Structures are given as structure tokens and as C-alpha cells.
Amino acid sequence: MRLALAEADAAAREAEVPVGAVVIRQDEVIGRAHNRTRRTGDPTAHAEMLALRDAAAHSGCWRLEGCTLYVTLEPCAMCAGALVLARVPRLVYGAGDARSGACGSLRNVVEDVRLNHRIEVQRGILEGTCGEILRVFFRDLRRK
């Protein structure tokens, strides 16, 4: 999670919403990214999506079996769907997202028994730190 937080810090320095994600397989980082939606003008450039793309490119396969995605904020419906499609077996996230979280808060895509793949979820890891970087970012944004 600390690597994901480092990505979130990089996002904040670029005036992006500070969310960071890292994909790990057998103790090796195979994908990492932070939000780039503002910089790229791409609404799908969420940290999770970019980290999944990076991991798939690194591994040469779209199926990310044996991987864990660490992300500082609970994934939205788009990112949760991508995790299911990529067959990621485990998700670890920091701060919950009551407004758009799709991994247990607002909805729960990743554990939906109707889908062909379900993901083990660990919630609240370094939650205070992950939430604080977002609170500071949006507080400073409102002050401008």
C-alpha cells in the first residue's frame, strides 16, 4: 500500500486526484500508476485501469491471475468491472468511497455471485493515510 501511496503523491503533484495503484505478483511489482484523467483528458485513465494495463503489458497476458491490486481508494464501477474481467484474485484498498465505491460501499461488483469471477477484498489498509491525502487535495482545491 505504501507504493500505491507514493503513486497517489505523484498524482497530487500533477494536480490529479491523488489515487495510486500497484499490481503485485509473487512479491514483484508488475504494474503501477496514478490517476491521469485531467492530464490526458481520458475519463478512463483511473489509477487502477492504468495499473492493470501496465501489468497486462508486463506479463503479456490480459488475465492477471495470481495478482493483487493495491489501491488507495475503493475502486469505482468501471475499475471494479475491469478487475473482474482481468481475473484479479485479490484487491486491497485503503479508503472507502461512499459516493462511488463499487467494492462494498455503494455497490459491490467484485463480490457479486452472479458474475463469473469474484475477488477477495481487504478493506481499510492504511485507511487514515489514504483518506487524508484526498481530504487535503480537495480542501486545497476548494480554497483556490
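Contact here means that heavy atoms lie within 4.5 Å of each other. With that in hand, let's explore this predicted model through three exercises.

**Exercise 1.** Find which residues of helix H4 are buried, and what they pack against.

*Solution.* Start with the helix itself: H4 covers residues 77–85. Within H4, the buried residues are Cys79, Ala80, Gly81, Ala82, Leu83 and Val84. Next, look at their surroundings: the buried residues of H4 pack against helix H3 (47–59), E3 and strand E4 (90–95). Finally, step just past the end of H4, where Arg87 has a positive phi of about 60°.

**Exercise 2.** Decide whether Thr68 is buried or exposed, and list its contacts beyond four places in sequence.

*Solution.* First, place the residue: Thr68 belongs to strand E3, which spans residues 67–73. Its relative accessible area is 12%. Buried means under 20%, so Thr68 counts as buried. Then set aside the neighbours within four places in sequence; Thr68 touches Val22, Val23, Ile24, Arg90 and Val92.

**Exercise 3.** Work out where His117 sits, whether it is buried or exposed, and which backbone oxygen its side chain reaches.

*Solution.* Begin with the location: His117 is in the loop between E4 and strand E5 (120–122). The relative accessible area of His117 is 14%, so this residue is buried. Now follow the side chain of His117, which comes to 2.8 Å from the backbone oxygen of Val88. Last, collect the contacts, again without neighbours within four places in sequence: His117 meets Leu83, Val84, Arg87, Val88, Pro89 and Val110. Two of these names, Leu83 and Val84, appeared among the buried residues of H4.

Note on methods:
Residues numbered from 1 in each chain as written. Predicted model: local features only at pLDDT ≥ 70, side-chain atom pairs only at ≥ 80, totals over all residues. Heavy atoms only, no water. Helix = DSSP H or I, 4+ residues; strand = E, 2+ residues; numbered from the N terminus. Buried < 20%, exposed > 50% of the residue type's maximum accessible area, 1.4 Å probe, protein only. Polar contact = N/O pair within 3.5 Å; in protein donor to acceptor, adjacent residues only side chain to side chain.
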